[in-house]
Amino acid sequence: MRAALAVTLGVSLFAGVPAIAQEPITVFAGRVLDGKGNQWKNATVVVDNGRIIRIEPRPVDHPTFSFPKGTLLPGLIDTHVHLGAYVTKKGRMHVPDDGDSPATAALAGAANAYRTLLAGFTTVASIGADDDKELRDWLEQTGAPGPKILTSLDPITDPSLPPEALRALVDRKAQAGADLIKVFASKSIREGGAATLTDRQLEAVCGEAKAKGLRVIVHAHSAESIKTSVLAGCGQIEHGVFATAEVLKLMAEHGTVFDPQCGLIFRNYLDHRQWFQGLGNFTAEGFAAMERAIPLAVAVIRAALATPTLKLAFGTDQVAGAAGRNAEDLVCRVREAGQRPMDAIVSATSVNAQALGLEKVTGSLGPGLLADLVAVNGNPLDDMSELSRIVFVMRAGQVYRYDPTLSSGGTLRPRP
Ligand SMILES: [Zn+2]
């Protein structure tokens, strides 16, 4: 009864107020994973005022929420999404000047944020659009449902800019409210992925960002672009479809985080060609390049897993049509790239929190951390696809989803 009440309040009055403000909330599960590789059987997470107070390694009487056969873990984190990307009512990827109003685009972003939260992702880095800032600020100010959002604003892409102009651009983004910086050091995979920036340009971007206390996420496919970025002191490499053993080792030596995608990004494009075909570099050649990339991407993750001390983050590059399907890339990591299930979960929780500089805020279970919790009915260590069927989502102590009877599916769908 109490659980039902909490959920009703939690979902309908999402004004950022904890569902039951006065007494601690207790969440019991048959298995609790802490996001750092540890697990308890039959444990209870105690939450008060939006934060985790403690973890009791035992059941408690009358827990607020109970998943006796299920698994409780920290809210998932995706270090690479595009919340503003969506498929229009005409069945095409939204692009500027396609006739959709700014209001429609903003509502699509809010719906994507909600979908992503319901899918168990309580924190994301949305890297690639100025509009992400307004979405971030609006959700924070209103308490409307969505993940915590970090944004890079528009990425830095212009290879013709000299170092001084790049430094100035980083400064402007910092002043405009960017949480991190995204820079393209190589072309798109659909255009071959070759290096686009010199060492001096990358030193300017990553050096200036560091001076401003911002992390840099670098889009880099070719081995050369990765090597240049690592040596320029950039913190994180995205994609890396053409990474070699040599540059994977270089990343490990420099403590550079690697964020490869396993398959969702390519499959979403290839399974829904009609949404994208003919727009920009979504040409026949571009699609062929993505088909060729699928086995390469899996092989790179295998090679990365075999590289000692390399830090592997988890980012899906969730684009138009993929919001809420983020966990599918964790399934790919385990089933196709051979990552241990516990390690895949650690990637998507504590490693990601560290990559985003949020390790003292979220990404694991411990006293003082935000109560960002998700639950599934089964055991993801046995079957990773459990994470595609999230039944409970709490963000900062606020419950947004409680579907203990859910057996399949899991995201928002249009009404029939
Ligand atoms: Zn992206």
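## Rings in the interior

Are Phe 282 and Phe 287 buried or exposed? Phe 282 is buried, and Phe 287 is buried as well. Keep in mind while you look around that this is a predicted model.

These two residues belong to a bigger group: Tyr 269, Trp 275, Phe 276, Phe 282 and Phe 287 together make up one aromatic cluster. A search through the whole structure turns up 11 aromatic pairs. One of them joins Tyr 269 and Phe 276, whose ring centres lie 4.8 Å apart with 85° between the planes. That pair counts as edge-to-face, because an angle over 60 degrees puts a pair in that class. Tyr 269 has a relative accessible area of 6%, and Phe 276 has one of 0%. Both values are under 20%, so both residues count as buried.

Phe 282 and Phe 287 also form an aromatic pair, with 6.1 Å from centre to centre and 50° between the planes. This pair is described as tilted.

## An arginine over two rings

Now find Arg 190 and follow its side chain out to the charged end. Which rings does the charged end of Arg 190 sit over? One is the ring of Tyr 269, with the charged end 5.2 Å from the ring centre. Another is the ring of Phe 282, where the distance to the centre is 3.9 Å. Tyr 269 and Phe 282 are both members of the aromatic cluster described above.

## The zinc site

Which residues coordinate the zinc ion? They are His 80 and His 82, each through its NE2 atom, and Asp 317 through OD, at 2.0 to 2.1 Å. Along the chain, these donors follow the spacing H-x1-H-x234-D. Both histidines, His 80 and His 82, are buried.

## Helix α3 and its two faces

Helix α3 covers residues 131-142, which is 12 residues. At 1.5 Å a residue it should span 16 Å, and its end C-alpha atoms are 17 Å apart, so the expected and computed values agree.

Which residues of α3 are buried? They are Asp 132, Leu 135, Arg 136 and Leu 139. Looking down the helix axis, you would see these buried residues fall within an arc of 100°, which means that they line one face of α3. They pack against α2 (102-118), β6 (121-126) and β7 (148-151). The face turned away from the buried side carries the exposed residues Glu 134, Trp 138 and Gln 141. After the helix comes Gly 143, which has a positive phi near 75°.

## Helix α6 and strand β10

In helix α6 (residues 223-231), the buried residues include Ser 225, Ile 226, Thr 228, Ser 229 and Val 230. The elements covering the buried residues of α6 include α5 (199-211), β9 (215-220), β10 and α7 (245-254). As with α3, a glycine with a positive phi follows: α6 is followed by Gly 233, with phi near 85°.

Strand β10 spans residues 236-239, and Gln 236 lies in it. The relative accessibility of Gln 236 is 3%, so this residue counts as buried. Leaving aside residues up to four places away in sequence, Gln 236 touches Thr 79, Val 216, Ile 217, Val 218, Thr 256, Val 257, Asp 259 and Ala 355.

## Loops on the outside

Where is Asn 49 found? Asn 49 sits in the loop between β2 (39-48) and β3 (51-56). Asn 49 has a positive phi of about 55°, although it is not a glycine. Its relative accessibility is 64%, so Asn 49 counts as exposed.

The loop between β5 (76-81) and α2 contains Asp 97. Asp 97 is not a glycine either, yet has a positive phi of about 65°. With a relative accessible area of 83%, Asp 97 is exposed.

Lys 89 is also found in the loop between β5 and α2. Lys 89 is exposed too, with a relative accessible area of 85%. To get a feel for distances in the model, look from Lys 89 to Cys 206: these residues are 117 residues apart in sequence and 39 Å apart in space, C-alpha to C-alpha.

Note on methods:
Residues numbered from 1 in each chain as written. Predicted model: local features only at pLDDT ≥ 70, side-chain atom pairs only at ≥ 80, totals over all residues. Heavy atoms only, no water. Phe/Tyr/Trp six-rings, centres within 6.5 Å; stacked < 30°, edge-to-face > 60°. Buried < 20%, exposed > 50% of the residue type's maximum accessible area, 1.4 Å probe, protein only. Lys NZ or Arg CZ within 6 Å of the ring centre and 35° of its normal. Helix = DSSP H or I, 4+ residues; strand = E, 2+ residues; numbered from the N terminus. Expected span 1.5 Å × (residues − 1). Arc of directions from axis to C-beta. Contact = heavy atoms within 4.5 Å. Donors = N, O, S within 2.8 Å, 3.2 Å for Na, K, Ca; no water.
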